[in-house]
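Please take a look at the model shown here. A short report on its helices, contacts and burial comes after it.

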Amino acid sequence: MKNTEPRKPIKMEDFLRPQMFQQWTRMVHFAWKRDGSNRLVKSSSIGFWISAALNLVFFAFNGWDIIGHLMMGEPTNQNPPVFCITIYFSIRGLMLFLKRSEIVNFVYALDRECPVDIDKQHEIRLERTYSSFWMRYRFLRVYAHLGLPMFCCLPLAVYLLTNDGLGAPITQHQQLLGGWMPFDVRRNPRFYLLVWLFDVSCTACGVSFFLTFDNLFNVMQGHLIMHLNHLCRQLEAIDPAESLTNEVEFFDGLRTLVQRQQLLNRLCGQYNDIFKVAFLVSNFMGSGSLCFYLFMIAETTDLFMIIQYILPTMVLVAFTFEICLRGTQLEEASARLESSLRHQTWYMGSSRYRKFFLLWLQYSQRTQKLGAFGLIEINMVHFTDIMQLAFRLFTFLRSQ
């Protein structure tokens, strides 16, 4: 088996590396580097402005088309599954932009808690967290750099195989994203390649938003769980009998542990505040997108369209499952703090420690959960709810 143990200290920016296609397209939304004092700082925001320009043009065109369809009954060229998931991705990008200051401050906080000494990194088991990250990063790299070109090139292949000549208008299933453009450009075969390149740019923008959100969400969660598990091991190592022999030093150590627990609880609260709007939107837009994709797969007999729609469907299901799983993992890691305290031989400690223990145990019962404004909790039950909602919407569409 290949040895994955790092040969040098792991740095926080090792977890925050973008995918290669994000670097090629200059859609790196958070670029990180070290300054002269070895502090982690965010360098460039050009990725946000490129993405903002593409989103503004795309939604301006399609918003005008939708308004014209609703107000004047004009025919529309909208592709509901694609438009729905475009909104899903873009809202995540908007959340990243609006919460960029909070994200940067949170990353700075994690960097301060990440030791630079190899022995301390082994103590908190940072290498395990990095190994898990690196395995997932490589999988996403393969999926993004194979799935994205396949998704973009399938409509082009359909057009080359099914077009009826240079004078024939472009149909919706020959387009990548569909929608509307001025002067009926989307249906004009002379501009097909230009429109396709614009659609590819918008698709890369949406996927880049998705990958940036996903990486930040998982890296933050992985570090929080790593620190919570380390704190659990420290709680399990407490010997209450020492409170009888060396009370001052013993309670100094307890004070440090309690302060660290309070810090981790604050970080968990900040982590939830960063992503809670995205959680709430995902509950509806994710279900709607999944419903539309299932409907298109069930209704079409075109092999190219089935392959094209299966890719984003698999992504939606897999990443929705993972987000809910991450919420469950964080909740369980937080709950283990109480379990670690309960398994102590607290009755062997001094009277002062037993009083302190009761207060500490009560405080530790407040497990950290991911949620959105008290409306939903992000766990495996929530994943079941999303899948059920998507299936109900799918059944409703099939019945009409």
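The report moves from the whole chain to helix pairs and then to single residues.

## Basis and overall picture

This is a predicted model, in which local features need pLDDT of at least 70, side-chain atom pairs count only at pLDDT 80 or more, and totals for chains, interfaces and linings use all residues. Residues are numbered from 1 along each chain as its sequence is written, and side-chain values use heavy atoms, with hydrogens and water left out.

The protein chain has 12 helices and four strands. Both are DSSP runs numbered from the N terminus: helices are H or I with at least four residues, strands are E with at least two. Along the principal axes, the C-alpha atoms fill a box of roughly 95 × 50 × 45 Å. The chain has 400 residues, and 48% of them count as buried. Buried means under 20% relative accessible area, exposed means over 50%, and partly exposed is in between (1.4 Å probe, protein chains only). Among contacts with a separation of 6 or more, 77% join residues 24 or more positions apart. A contact means heavy atoms within 4.5 Å.

## Annotated spans

The unreviewed UniProt entry places the feature "transmembrane region" at residues 46-67, 79-98, 142-161, 191-213, 274-297 and 303-325. UniProt positions follow the numbering used here, feature names are shortened, and annotations may be inferred rather than shown by experiment. In the model, residues 46-67 are 100% helix and 0% strand, with end C-alpha atoms 31 Å apart. Residues 191-213 are 96% helix and 0% strand, and their end C-alpha atoms lie 33 Å apart.

## Two helix pairs

Helix H3 (residues 46-72) meets helix H8 (residues 192-236). Their axes come within 10 Å and cross at roughly 125°. Axes are lines fitted to C-alpha atoms, for helices over the stretch in contact, and angles run from 0 to 180 degrees between N-to-C directions. H3 and H8 are therefore oblique to each other. Angles under 35 degrees count as roughly parallel, over 145 as roughly antiparallel, 65 to 115 as roughly perpendicular, and the rest as oblique. On the H3 side, Phe-48, Ser-51, Leu-54, Asn-55, Val-57 and Phe-58 take part; on the H8 side, Phe-198, Ser-201, Cys-202, Cys-205 and Phe-209. By class, the contact of H3 with H8 has eight nonpolar, three polar and no charged residues. Ala, Val, Leu, Ile, Met, Phe, Trp, Tyr, Cys and Pro count as nonpolar, Asp, Glu, Lys and Arg as charged, and the others, Gly among them, as polar.

Helix H9 (residues 247-299) packs with helix H11 (residues 351-364) at about 5°, with the axes 12 Å apart. H9 and H11 are therefore roughly parallel to each other. H9 residues in the contact include Phe-250, Phe-251, Leu-254 and Gln-261, while those of H11 include Tyr-353, Phe-356 and Trp-360. The contact of H9 with H11 divides into nine nonpolar, four polar and two charged residues.

## Single residues

The contacts in the table leave out residues up to four places away in sequence.

| Residue | Relative accessible area | Contacts |
|---|---|---|
| Phe-213 | 1%, buried | Arg-92, Met-95, Leu-96, Phe-275, Ala-278, Ile-323 |
| Gln-344 | 7%, buried | Leu-235, Ile-238, Pro-240, Tyr-353, Phe-357 |
| Arg-260 | 19%, buried | Glu-113, His-227 |
| Glu-123 | 45%, partly exposed | His-230, Arg-233 |

Phe-213 lies in helix H8. Its C-alpha atom is 9.6 Å from that of Ala-278, 65 residues away along the chain. Gln-344 sits in the loop between helix H10 (303-342) and H11. Arg-260 is in helix H9. Glu-123 belongs to helix H6 (residues 118-123). Glu-123 and His-230 are 107 residues apart in sequence, yet their C-alpha atoms are 7.9 Å apart.

## Backbone outliers to check

Which residue between strands E3 and E4 has a positive phi? Phe-373 does, at about 55°, although it is not a glycine. Phe-373 lies in the loop between strand E3 (371-372) and strand E4 (376-377). Arg-26, also not a glycine, has a positive phi of about 60°. Arg-26 is in the loop between helix H2 (20-24) and strand E1 (32-34).
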